[in-house]
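Please keep the sequence and the three-dimensional view side by side while you work through the exercises. Try each task before you read its solution.

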Amino acid sequence: MSLEQPPPGHRASDNDRERAAAVVQEAHTDGRLDFEELDERLTRIYSAKTQLELRNATADLVPVAHGSSQELTLRARHSAQKREGAWVVPERLTAIAEHSSVKLDFTDAVVHWSDIHVDAQAIHSSVVMVIPEGWSVDIDQVEANHSSAKNKAVAPRPGGVRLHVTGRAHHASVIVRHPRKRHWWWPWYRK
């Protein structure tokens, strides 16, 4: 079950529907759904108009983990690493960036944990975490040397996910923020 739901106004794309259908079909293959439930959920998925409807149709069907889903290490050296869209968030993440950038976008991610721990190791780099509103952030354990560690998020809501950021920044930046607001006059919207 995802702890953070997208706003009801986020429209579902064909790719979103296909990803949700794959989760339901995998659950049927594993024996977690019978034919009747499979048919009912696929009908709901292919008639869904919003991402919230898709999340509701798959909320109790956690994808089967391949390997350890509790830890993830991202390494970037003179390059860029991104996690965005409907990715499954592990409990612990390590972002190692050297002359690079790492972006962790949690806004559409599937979160199964009430606490997420990110260890950011940045050297001449940037580590950016984009979080939904309502999350609480602890960024006080980041050691900054000629660097910046900024929490640009608004006040959290009770019961939201807690993001704990630790690590070290050397001539680098570690930033936690919300998605950028879309303006009607700006055609190339980016989070």
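What follows is a set of exercises, each with a worked solution.

This is a predicted model, in which local features need pLDDT of at least 70 and side-chain atom pairs count only at pLDDT 80 or more, while totals for chains, interfaces and linings use all residues. Residues are numbered from 1 along each chain as its sequence is written, and side-chain values use heavy atoms, with hydrogens and water left out.

**Exercise 1.** Find the salt bridge that R17 forms, and decide whether each partner is buried or exposed.

*Solution.* Begin with the term: a salt bridge is a side-chain nitrogen of Lys or Arg within 4 Å of a carboxyl oxygen of Asp or Glu. The partner of R17 is D14, and their closest N and O atoms are 3.0 Å apart. Next, locate the two residues: both belong to helix α1 (residues 14-29), where they are three residues apart, about one turn of the helix; helices (H or I, at least four residues) and strands (E, at least two) are DSSP runs, numbered from the N terminus. Finally, apply the accessibility classes, in which buried means under 20% relative accessible area, exposed over 50%, and partly exposed in between (1.4 Å probe, protein chains only). R17 is buried because its relative accessible area is 14%, whereas D14, at 57%, counts as exposed.

**Exercise 2.** Which parts of the chain are tied together by the salt bridge of D60 with R41, and which by that of R162 with D115?

*Solution.* Take the D60 and R41 pair, whose closest N and O atoms are 2.7 Å apart. D60 lies in the loop between α3 (51-58) and β1, and R41 in helix α2, so this pair ties together parts that are 19 residues apart in sequence. D60 is exposed, with a relative accessible area of 52%, while R41, at 11%, is buried.

Now turn to R162 and D115, whose side chains meet at 2.7 Å, N to O. Since R162 lies in strand β11 and D115 in strand β7, the pair ties together parts that are 47 residues apart in sequence. R162 counts as partly exposed at 36%, and D115 is buried at 19%. A search of the whole structure finds six salt bridges, and these pairs are among them.

**Exercise 3.** Name the residues of the largest nonpolar core that touch the most other members, and find the strand that gives the most to this core.

*Solution.* First recall that a nonpolar core is a set of buried Ala, Val, Leu, Ile, Met, Phe, Trp, Tyr and Cys residues joined through side-chain atoms within 4.5 Å. The largest such core has 31 residues, of which L104, F106, I116, M129 and L163 touch the most other members. Several strands each supply at least two residues, including β1 (71-77), β7 (115-123) and β11 (162-170). The strand that gives the most is β7, with four residues.

**Exercise 4.** Where do H146 and H171 lie, and what is the phi of each?

*Solution.* Start from the general background: most residues other than glycine have a negative phi. H146, in the loop between β9 and β10 (148-151), has a positive phi near 55 degrees, and at 63% relative accessibility it counts as exposed. H171, in the loop between β11 and β12, has a positive phi of about 50 degrees although it is not a glycine, and at 37% it counts as partly exposed.
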